[in-house]
Amino acid sequence: MKTLPGSTIGMLGGGQLGRMFTIAARSMGYEVIVLDPDPDSPAGKLATDHVCANYSDQTAIDYMAKTCDVVTTEFENVPASSLETLAASCPVRPGAQAVTITQDRIHEKSFLRDNGFPTAPFAVIRNQSDLEPGLEVVQAPAILKVSRFGYDGKGQYGIDSASDLDHAWQALQANDSVLEQRVPLDREVSVVLARGTDGQTITYPVAENVHQNGILDVSMVPARIDSSVAEQVVSMATRIANALDYIGVMAVEFFISNGKLLVNEIAPRPHNSGHYTLDATVTSQFEQQVRAVCGLSLGETRLLSPVVMVNLIGDLWQDNTPPAWEALLSHANAKLHLYGKREARPGRKMGHYNVLAPKLEDAVKLAADIKSQLK
Ligand code: ATP
Ligand code: MG
C-alpha cells in the first residue's frame, strides 16, 4: 500500500539527517512527527510536531504509533523493542531486524562474514580474556571498536601491540567490542542505495571519501576508481540490502585495501557521504527515503554534475561565531546547507556545502579554496 502526501510520517531521531528528511517530506506534502529527546533538535524545528522524549518512552512511542501512518529512522540506536511496538500499529521501515543488525558492530560484522562479504580481519571481544587470542588472529596494528553507539571515530582505540590491549579495554569501559586489523587504505568509498517495498533497488553513484580525525571531511563524486571496482561496490551493496530484506535508504562504506574491496560498515539510513545528492542528482537521498518508506516508486539517481561535498565542523566556528559565509555564497556553484544547531563544538557536524563543476578536479580545487577562505 502506498502512503500518499497528506499522510503523517514518524521520524525517530531529530538530528541533521532527520532535518533534511523532514524538509523533503514536507515539501512533498507530508506531515512529519519527530521523536528526539533534544529540545533543540534540528529536525524538530521544521517538523509538524516534535515529541521531546527518549526513544524508549512508552507514552511517546504509543503516541507515535497512534498518530503516524508510517515510521522511519535517522538514528540506528533506537531500541529494537520500540521499533517492534511501533510495528504492531504501522509499517516501520527499515524494520527492527535490519536495524538490530546494523546498530551493533558484532552483529553487523558477523552478518557480513556469515553472508560471504569481505571485511578486514576481526575478532569479537566480550571479555578481557578475549583480547590476546583476538590479537593473535587479527594481528597488529589493530583498532578496538566499541560494538554499540560509536560514531565519527568515537569509541575506537588504536592497538600497536599487545601491551596496548588492557589500556584500550579500560578506555572503552570494558564494553563488547570488535578488534579489527588496521588495513592499508588505497581509498575509501561508499554507496547510498534505496530498496523499495517491492524489493526493487536503485543505487547512487559511488562517492570517494576522505576522513579527518575519524570524521568524514570530503566526498568526491564520481569516485576516482575503475568502473569495474564501482560495479563491484554497487553489486555488493545491493546484495547486502537484499540479504537484510531492507526497506528504505541505506549506505555501505568500503575500504579499498591493496586493490581489494572490504566492507567497513552499513548505515541503515541516509549517509553523510550522500549529502551531495541534495544538489547533484535527480532525486536526493532524503526524497528517496520518503519514496521508499512510503511505498512509492523510487526516484532516478542520475548524477547531473561532478560534485564535491565538504563537511562544516564546529572547529570552524571561533567562540561560536560562524565563518564568513560570503566567501562561500559568492560562488554561484557552491551550495550551503546548515543544520540549525545553536552551539558549535569541536568535532560537531554543523553543516556542509556542495561544489559543482563540469570537471571533478575543478570542483575539488574550488571546494578547497572556499574551505581555506572560511578558516
Ligand atoms: P562513522 O559512523 O562516522 O562512519 P565510525 O565511528 O563508525 O564512523 P568507522 O567507520 O569504523 O567509524 O571508522 C572511521 C574511519 O577510521 C574509517 O572511515 C577509516 O578512515 C578509519 N578506519 C576504521 N577502521 C579501519 C581499519 N580497520 N583499517 C584502516 N582504517 C580504518
Ligand atoms: Mg564509518
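**Metal site, ligand pocket and local backbone geometry**

Glu265 has a relative accessible area of 23% and is therefore classed as partly exposed, burial requiring a value under 20%. This residue belongs to a predicted model, and it takes part in the metal site. The magnesium ion (ligand 2) has Glu253 (OE) and Glu265 (OE) as its protein donors, at 2.0 to 2.2 Å. Glu253 is located in strand S13 (residues 248-257) and Glu265 in strand S14 (residues 260-267), so the two donors tie together parts of the chain that are 12 residues apart in sequence. Unlike the partly exposed Glu265, Glu253 is buried, with a relative accessibility of 15%.

Glu265 also appears in the surroundings of ligand 1. Ligand 1 has 19 residues around it, and those that come nearest are Lys145, Gly153, Gln181, Glu188 and Glu265. Contacts with polar atoms were found on both side chains and backbone. A polar side-chain atom of Glu188 is placed 2.5 Å from an oxygen atom of ligand 1, and a polar side-chain atom of His211 is placed 3.2 Å from an oxygen atom of this ligand. On the backbone, a polar atom of Val183 lies 2.9 Å from a nitrogen atom of ligand 1.

Two buried lysines were examined in turn. Lys349 is situated in strand S17 (residues 349-356) and is buried, its relative accessible area being 14%. The side chain of Lys349 forms polar contacts with the side chain of Asp152 at 3.0 Å and with that of Asn272 at 2.9 Å. When neighbours within four places in sequence are left aside, the residues in contact with Lys349 are Gln16, Asp152, Ile215, Asn272, Asn311, Leu312, Ile313, Tyr339 and Lys341. Lys371, located in helix H12 (residues 360-374), is likewise buried, with a relative accessible area of 18%. With residues up to four places away in sequence not counted, Lys371 touches Asp217, Val310, Asn311, Leu316 and Tyr353. Asn311 is thus listed among the contacts of Lys349 and among those of Lys371.

Strand S4 (residues 70-73) is covered on both faces. Val70 and Thr72 are buried on one side, and Val71 and Thr73 are buried on the other. This arrangement may be read against the general pattern, in which the side chains of a regular strand alternate between the two faces of the sheet. S4 pairs with strand S1 (residues 8-12) in the parallel sense, over 4 bridges. Within this pairing, Met11 has Thr72 of S4 as its bridge partner.

Helix H5 (residues 105-114) contains several buried residues, namely Arg105, Ile106, Glu108, Lys109, Phe111 and Leu112. The N-terminal end of H5 is capped by Asp104, one of whose side-chain oxygens is 2.9 Å from the backbone nitrogen of Ile106. Just after the helix, Gly116 adopts a positive phi of about 80°.

Most residues other than glycine have a negative phi, and most peptide bonds are trans. Exceptions to both tendencies were identified in loops. Ala174, a residue other than glycine, has a positive phi, near 55°. Ala174 is found in the loop between helix H7 (165-171) and strand S8 (177-181), and its relative accessibility of 42% makes it partly exposed. Asn320 likewise has a positive phi, near 65°, and is placed in the loop between strand S15 (307-313) and helix H11 (326-329). The relative accessible area of Asn320 is 38%, which means that this residue is also partly exposed.

Cis peptide bonds were found preceding two prolines. The bond between Arg93 and Pro94 is cis, with omega at about 0°, and Pro94 lies in the loop that separates helix H3 (80-87) from helix H4 (96-102). The bond between Ala140 and Pro141 is also cis, with omega at about -5°. Pro141 is located in the loop between helix H6 (131-138) and strand S6 (142-146).

Aromatic pairing was searched over the whole structure, and 2 pairs were found. In one of them, the ring centres of Trp317 and Trp325 are 5.7 Å apart and the ring planes stand at 70°, so the pair is edge-to-face. Both tryptophans are buried: Trp317 has a relative accessible area of 12%, and Trp325 has a relative accessibility of 16%.

Technical notes. Residues numbered from 1 in each chain as written. Chains lettered and ligands numbered in written order. Heavy atoms only, no water. Buried < 20%, exposed > 50% of the residue type's maximum accessible area, 1.4 Å probe, protein only. Pairing = 2+ DSSP bridges. Donors = N, O, S within 2.8 Å, 3.2 Å for Na, K, Ca; no water. Contact = heavy atoms within 4.5 Å. Phe/Tyr/Trp six-rings, centres within 6.5 Å; stacked < 30°, edge-to-face > 60°. Near = heavy atom within 4 Å. Polar contact = N/O pair within 3.5 Å; in protein donor to acceptor, adjacent residues only side chain to side chain.
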